[in-house]
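Subject: The structure I promised you

Hi,

Here is the structure we talked about. Have a look at it first, then read my notes below.

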Amino acid sequence: MQRLPHPTTYLQINILGEAVDLQWLPQRLLDDCLGRCVVDEQEIQLRSDLRALQCLDTLIHEIMHYISHRCDIKLSEHQVQILGMAWAQIFQANPELVGFIAERCEEEDERRIRKIRHTTAAQ
């Protein structure tokens, strides 16, 4: 059963099979940080005043925290910071990469649908 998003959720994303709410909140609610990962509540909170690359960097940073916690890999804050910054810069420098990823995901979805249809038809 899919979890319903929190009322303040802007977007819900899937991380490791879990529905995670993305919330953009005013700076006053984030205690002088750019973002926060609340794993137990399946939320990632970002400051609403972040722009462009800073927003992408912070989002990836918080996703890394989520993955680190859920997979128990104990990434340090420094490691998470470097990974967030590096992935944000990769996406900025290679905008066609996002399209490439979307195309591969679409192909995989189509393959999965064909497989389901084939299995259903065989029954």
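Below is what I found, going through the helices, a couple of single residues and the aromatic rings. Keep in mind that this is a predicted model.

**Helix 1**

Start with helix 1, which covers residues 52–71. It has 20 residues and spans 28 Å from its first C-alpha to its last, close to the 28 Å expected at 1.5 Å a residue. Quite a list of its residues is buried, including C55, L59, I60, I63, M64 and Y66. T58, H61, E62 and S68 are buried as well. What do the buried residues of helix 1 pack against? Their partners are strand 1, strand 2, strand 3 (35–38), strand 4 (43–47) and helix 2. Just after helix 1 comes D72, which has a positive phi of about 55°.

One residue to click on here is H65, which sits in helix 1. H65 counts as partly exposed, with a relative accessibility of 22%. If you skip its neighbours within four places in sequence, H65 is in contact with C37, E77 and V80. Try R36 too: it is 29 residues from H65 along the chain, yet their C-alpha atoms are separated by 8.9 Å.

**Helix 2 meets helix 3**

Next, turn the model until you can see helix 2 (residues 77–93) and helix 3 (residues 95–122). How do you describe a pair like this? Two packed helices are described by the angle between their axes and the distance between the axes. For helix 2 and helix 3, the angle is about 95° and the axes are 4 Å apart. Angles of 65 to 115 degrees count as roughly perpendicular, so helix 2 and helix 3 are roughly perpendicular to each other. Which residues make the contact? On the helix 2 side they are I90, F91, Q92 and A93, and on the helix 3 side P95, L97, V98 and I101. Sorted by class, this contact of helix 2 with helix 3 has 7 nonpolar residues, 1 polar residue and no charged ones.

**Two aromatic pairs**

The structure has 2 aromatic pairs. One of them is Y10 with W24, an edge-to-face pair with 4.8 Å from centre to centre and 75° between the planes. Y10 is in the segment before strand 1 (11–15), while W24 is in strand 2 (residues 18–25), so the pair ties together parts that are 14 residues apart in sequence. Are these two rings buried or exposed? Y10 is exposed, at a relative accessible area of 63%, and W24 is partly exposed, at 27% relative accessibility.

Then there are W87 and F91, whose ring centres are 5.8 Å apart with the planes at 35°, so this pair is tilted. Both W87 and F91 lie in helix 2, 4 residues apart, which is about one turn of the helix. Why does that spacing matter? An α-helix has 3.6 residues a turn, so residues three or four places apart point the same way. W87 counts as partly exposed at 37% relative accessibility, and F91 counts as partly exposed at 22%. You have met F91 already, as one of the helix 2 residues that meet helix 3.

**One more residue**

Finally, find L25 in strand 2. L25 counts as buried, because its relative accessibility is 13% and the cut-off for buried is under 20%. Not counting residues up to four places away in sequence, L25 touches L30, Q45, L46, R47 and S48. The C-alpha atoms of L25 and D49 are separated by 8.4 Å, and these two are 24 residues apart along the chain.

Cheers

Technical notes
Residues are numbered from 1 along each chain as its sequence is written. This is a predicted model: local features need pLDDT of at least 70, side-chain atom pairs count only at pLDDT 80 or more; totals for chains, interfaces and linings use all residues. Side-chain values use heavy atoms; hydrogens and water are left out. Axes are lines fitted to C-alpha atoms, for helices over the stretch in contact, and angles run from 0 to 180 degrees between N-to-C directions. Angles under 35 degrees count as roughly parallel, over 145 as roughly antiparallel, 65 to 115 as roughly perpendicular and the rest as oblique. Contact means heavy atoms within 4.5 Å. Ala, Val, Leu, Ile, Met, Phe, Trp, Tyr, Cys and Pro count as nonpolar, Asp, Glu, Lys and Arg as charged, and the others, Gly among them, as polar. Rings of Phe, Tyr and Trp (its six-membered ring) pair if their centres lie within 6.5 Å; planes under 30 degrees apart count as stacked, over 60 as edge-to-face and the rest as tilted. Buried means under 20% relative accessible area, exposed over 50%, partly exposed in between (1.4 Å probe, protein chains only). The expected span of a helix is 1.5 Å times one less than its number of residues.
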